Amino acid sequence: MVDIHALPYNGTTPTGGDSLIQDLNVYYESGDIAWMLAATALVLFMVPGVGFFYSGLARRKSALSLIWVTLMAVGVTSFQWFFWGYSLAFSHSAGKFLGDLSNIGFRNVLAAPSVASERIPDLLFAVYQGMFASITVALAVGAVAERGRMLPCVIFMFIWSTLIYDPIACWTWNPAGWVSQMGGIDFAGGTPVHISSGSAALAYSLMLGKRRGHGTHELNFRPHNVTQIIIGTVFLWVGWFGFNAGSALSANMRAVMAAVNTNVAASVGGVTWCLLDYRLERKWSAVGFCSGVVAGLVAITPGSGFVPPWAAVIFGAIAGSSCNYATKVKFYLGIDDALDIFAVHGIGGFVGNMLTGIFAADYVAHLDGFTTIPGGGISGHWMQLAYQLADSVSGFAYSFGGTCLILFLINLMPGLGLRADEEAEIIGMDDAEIGEFAYDFVEFTRDVVNGGDMLDDESKFSADRDSLTAHEKAFSSTVGDDPRRSR
């Protein structure tokens with residue numbers, strides 16, 4: 001009988017061998033390669049999901065800018081990851097806090113077994129983890145909603161991914177990292193992805209300041225496009241299977257368990273949030289259900305490959321309720337987190353980390369055939385909670401403090417003021433920063449108000465303040481809704 005299994009890796013070169021004289025494919029299972037390529041695409045699929053979700057929550061006059069900024073995050077972060085991000089996070093000779101530049105520009109990143117798993121090669125692991133870096137940045141920069149300028153945000157993306165994301169990813173997932181060495185467990189990104197992005201969004205919101213009209217009736221509005229929020233949620237829900245199940249880094253039973261846990265937690269989270277909203281409003285909120293689904297997905301992320309399915313029910317219920325109540329935190333802090341990024345991702349990631357410390361099971365982790373852990377609190381290893389707490393608190397403090405410092409310095413640079421001026425905020429980020437609109441009728445309405453005299457190459461943003469107010473009034477009479485009070 002012919003042995004169809006991969007051969008043990010026996011190379012010694014950094015690239016894994018010479019492809020001109022060796023078949024470098026023999027060290028890996030084709031099924032593992034295929035699954036991880038699919039998982040990579042699924043994680044990328046989540047980015048437009050974030051864009052649609054954020055855009056639907058915002059007012060229509062800034063809807064396109066939030067889709068743009070999430071997609072731009074992929075472009076900027078993907079280059080950063082290729083240039084030195086991957087090396088700083090996952091070089092084989094990394095230290096406890098950060099990697100070195102031995103793999104700068106993907107140098108020697110080819111067919112040697114990856115630092116995280118011998119089941120897949122370096123190059124595949126690099127592109128897969130690059131999608132994680134991209135969506136983390138996309139989640140964080142939603143904080144620019146309705147008042148942040150695009151150019152400083154783009155510069156922030158490159159700097160933040162280098163100074164904040166890469167070190168946290170290194171110390172959490174690189175076997176040499178201090179959290180990994182300590183015994184902290186994080187299957188798919190409770191701290192590197194969610195706590196880091198949630199705390200960064202909170203810091204960005206703080207440094208930008210409150211939106212015009214915050215605390216008044218002017219900002220008492222509903223999401224402008226609920227259908228877009230639902231579409232974004234569907235993209236995220238589907239893509240999260242690649243995010244969590246793909247983190248098994250192989251096509252195995254642990255990946256299957258992660259997929260099951262992902263779906264259960266998302267479902268329970270959505271139902272929980274919806275029920276909590278119904279208790280107050282006596283309405284079955286679609287936005288509430290979608291928010292709960294995302295909260296459940298966030299919470300199960302660190303534990304999806306460590307806990308049994310019955311625990312995923314608890315993850316979803318606690319995440320749905322805790323993130324729901326956490327949306328009030330911004331009012332106590334006096335920070336205008338317009339899209340509740342910290343409430344869902346920061347708090348959701350923390351809840352998931354701590355619950356993982358309680359419900360982690362050794363037999364679930366060993367479903368991949370080689371991972372061994374002592375288990376969580378229910379297995380008698382209550383020390384795991386301390387590890388999880390240390391990981392969570394350090395990730396929050398480093399990301400929040402570092403983000404504030406980065407933004408403070410960027411804001412000092414000529415031409416890189418973080419916030420748009422009041423005139424731009426009134427007319428909307430789409431017109432002021434992008435020059436395009438999410439909906440044709442927005443531009444059409446403004447042209448009508450100008451009497452059809454505005455030239456095609458004339459900027460709508462050049463109008464004076466009185467004209468801007470007239471634009472909004474005419475827009476209100478056209479669509480039957482005040483754009484300052486509806487998203």
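Q: What makes Arg59 and Glu146, part of a network of salt bridges with Arg211 and Asp336, a salt bridge?
A: A salt bridge is a side-chain nitrogen of Lys or Arg within 4 Å of a carboxyl oxygen of Asp or Glu. The closest N and O atoms of Arg59 and Glu146 are 3.0 Å apart, so the pair counts as one. The model is predicted: local features need pLDDT of at least 70, side-chain atom pairs count only at pLDDT 80 or more, and totals for chains, interfaces and linings use all residues. Residues are numbered from 1 along each chain as its sequence is written, and side-chain values use heavy atoms, without hydrogens and water.

Q: Why is Arg59 called buried?
A: Buried means under 20% relative accessible area, exposed over 50%, and partly exposed in between (1.4 Å probe, protein chains only). Arg59 has 2% relative accessibility, so Arg59 counts as buried.

Q: Why does Glu422, which meets Arg212 in a salt bridge, count as partly exposed?
A: The relative accessibility of Glu422 is 43%, so Glu422 counts as partly exposed. Arg212, at 22%, also counts as partly exposed.

Q: How do you know that α12 and α14 are roughly antiparallel?
A: Their axes cross at roughly 160 degrees. Angles under 35 degrees count as roughly parallel, over 145 as roughly antiparallel, 65 to 115 as roughly perpendicular and the rest as oblique. The two helices are therefore roughly antiparallel. Angles run from 0 to 180 degrees between N-to-C directions, with axes fitted to C-alpha atoms over the stretch in contact; helices are DSSP runs (H or I, at least four residues).
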